[in-house]
Amino acid sequence: MAGKIRIRAQLDGDTCEVKALMRHPMETGLRKDQAGNAIPAHYIEEVTVTHNDQVVMHSYWGAAVSANPFLGVRFAGGQAGDTVRVTWRDNTGATDEGETTIR
Amino acid sequence: MKHESGAGIARRGLLRMGVFVAAVAAVPTKLWAAITKPSAAFAATDMDGTFAALGQTPTESAGIIFTTPDIAENGAVVPIKIEVDESLLPGVRRLYVMVEKNPNPMAAMFSMIEGAAPYVETRVKVAQTCNLYAVAETDSGFFMASKETKVTLGGCGG
Amino acid sequence: MDLMESIRNAWRLAALFGLLVAAAPSFGEDAGIFDEYRAMFGDDNPAVFVIDEGEEYWFEPQGPKNSSLEGCDLGLGPGVVEGAYARLPRYFADADMMMDVEARLIFCMRELQGRPSEEIQGYPYSMRGDLGTELEALVAWLADQSSGMPIAPGQEHAKEREFFTLGEQLFYYRAGPHDFSCATCHGQEGKRIRLQALPDLTSHEGAAGAYSAWPAYRISEGVVRTMGWRMRDCFRQQRFPLLGVGSDVTVALQTYLAVTAAGAPMMAPGLKR
């Protein structure tokens, strides 16, 4: 199956700019479907960004982050060829992970 | 952007169901000591409650550069960007995004760890026209910048 | 100037225009008040996931015949997907019918995979809470395979020209409880509904801006919507009867739109509100 986390990691001087798009419905639990049934809450709760296995950013999300979420972060000390990884865990306990190399 | 024809499903990248715990365990404990989810803050239903749960009402800081669109075409996806001028506001450890009139104003919390700049870009749901808040936490306390974003309902109304 | 000449002239302009325009996500032709909002999205369009899903569906064996869609002829030969979307709608001799991309996909699913039309027709587009349908994903991928290429619907066959004329007539046909036609909202310059500019679809620029931008990831819904869906939803908003997926009416309207837009580059899947 194709990657469900798309990451771009680009160097700008000493700063590595990471842009990640994630596939996730980010349901708040407040919506009803066409038939009037409540759509259960289903959203990413925790995200980490790592650089060569070192966590550089950690975050907690509520359901108010938009569907198919976007995350942009920046960190120092990255070099071309290093690995940047983004992982998430959602409220159902499911997890996903994606990685790229810094250009 | 072209895709090659004839590519099989097996040829594409793997969906990695990574084990989250492994990533957490690798990080030095002192950096993780304080990163528990502020559940009360996420559960609060208004700005006063959110600030109370964090323990402090932030003071305004010109060091927080908060970019939000003046007017959003749709409230489901509102792009925001938070940057910090470290000469004005040094030592930012955490950034929070809050949306005043959402059912739960707290949208996200970001903890800067090794080498991360006090910078984040994301997209949030904004239920209706209101103030958005970028809150920065340093050892000296909580600071904030706020901006109103107007939310429109476009076209034929659905 | 007859239709074929205007298309040829449009092609000459397209050669130049195509060089100047990058296939970036586009919100369409609304300008001004939402510029700041749209600019903040950059190049990061969740449609990329749907495009990948569409590609997987194309190669996945399905149906009673346990076959993929690799043998599907979208007009350029079996399995040729690059550039095919930009040349639709067109006449297909094997079906003796005018078809848009959706009608053709449903045809291929039936013929190659043995899946009845009702399987897709019964649930073609996402409902609230869905992540996406197979049809939306396939159309997203096929449109991406035509990204940057000139819109060039078939107009050589008599049926293709007949559908252009029919589409134009339907564009001006007033119906429904409000006595609306497409032209009511899209028949002149400088109109808007609330803060959304209404493109004049009778002009090349207006039609090109609209036709090139669908299918699109619709942020208000979190799914990719197709041109077929857009037509169907316009019908709903006008309180017209339900517009059939791949029906003669939708194919004729899309033919009219695509011919009017001919020469402009496809820029889909884009990003829309």
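How many bridges join strand S3 (residues 44-51) of chain A to strand S4(A)? There are six, and the two strands run antiparallel. Keep in mind as you look around that this is a predicted model. Let's start with that pair of strands, follow S4(A) across to chain B, and then visit a sheet that takes strands from both chains. A pair of helices in chain C rounds off the tour.

**Strand S4 of chain A and its hairpin**

- S3(A) and S4(A) make a hairpin, with two residues between the strands.
- In the turn of this hairpin you can find Asn52(A), whose phi is positive, at about 45 degrees.
- To see one of the pairings, look for His51(A): its bridge partner in S4(A) is Gln54(A).
- Of the eight residues of S4(A), seven are buried, so the strand is largely enclosed by the rest of the structure.

**From S4(A) across to chain B**

- S4 of chain A, which covers residues 54-61, is also joined to S6(B).
- Five bridges link these two strands, and they run antiparallel.
- Two pairings are handy landmarks here: His58(A) stands opposite Ser111(B), and Tyr60(A) has Met109(B) as its bridge partner.

**Where chain B touches chain A**

- Taking the two chains as a whole, 39 residues of chain B are in contact with 35 residues of chain A.
- Three elements of chain B each supply at least two residues of the side that touches chain A: helix H1 (20-25), strand S6 (106-112) and strand S7 (119-124).
- S6(B) gives the largest share of that side, with seven residues.
- Sorted by class, this side of chain B has 25 nonpolar, seven polar and seven charged residues.

**A sheet built from two chains**

- Six strands form an open sheet with antiparallel pairing, in the order S1(A)-S2(A)-S5(A)-S7(B)-S4(B)-S2(B).
- The edges are S1 of chain A and strand S2 (64-67) of chain B, each of which pairs on one side only.
- On average, neighbouring strands of the sheet are turned by 15 degrees against each other, ignoring direction.
- Begin your walk at S1(A), residues 5-12, which pairs with S2(A), residues 15-22, over eight antiparallel bridges.
- Within that pairing, Arg6(A) stands opposite Leu21(A).
- The hairpin of S1(A) and S2(A) has two residues between its strands, and Gly13(A) takes a positive phi near 70 degrees there.
- Next comes S5(A), residues 70-76, which pairs with S2(A) in the antiparallel sense over seven bridges.
- Here Thr15(A) stands opposite Ala76(A) in S5(A).
- On the chain B part of the sheet, six bridges join S4(B), residues 78-84, to S7(B), and these strands run antiparallel too.
- One pairing to look for there is Lys81(B), which stands opposite Glu121(B) in S7(B).

**Two crossing helices in chain C**

- Now turn to chain C, where the axes of helix H4 (residues 101-113) and helix H6 (residues 134-144) come within 11 Å.
- The axes cross at roughly 115 degrees, and the crossing is right-handed.
- H4(C) brings Val101(C), Glu102(C) and Leu105(C) to the contact, while H6(C) brings Leu135(C), Leu138(C), Val139(C) and Leu142(C).
- By class, six residues of this contact are nonpolar, one is charged and none is polar.

Conventions. Residues are numbered from 1 along each chain as its sequence is written. Chains are lettered from A and ligands numbered from 1 in the order in which they are written. This is a predicted model: local features need pLDDT of at least 70, side-chain atom pairs count only at pLDDT 80 or more; totals for chains, interfaces and linings use all residues. Axes are lines fitted to C-alpha atoms, for helices over the stretch in contact, and angles run from 0 to 180 degrees between N-to-C directions. Helices (H or I, at least four residues) and strands (E, at least two) are DSSP runs, numbered from the N terminus. A crossing is left-handed if the near helix is turned anticlockwise from the far one by less than a right angle, and right-handed if clockwise. Two residues are in contact if their C-beta atoms, placed from the backbone, lie within 7 Å. Ala, Val, Leu, Ile, Met, Phe, Trp, Tyr, Cys and Pro count as nonpolar, Asp, Glu, Lys and Arg as charged, and the others, Gly among them, as polar. Two strands pair if DSSP finds at least two bridges between them. A residue is buried if 20 or more other C-beta atoms lie within 10 Å of its own, exposed if 12 or fewer, and partly exposed in between; C-beta atoms are placed from the backbone.
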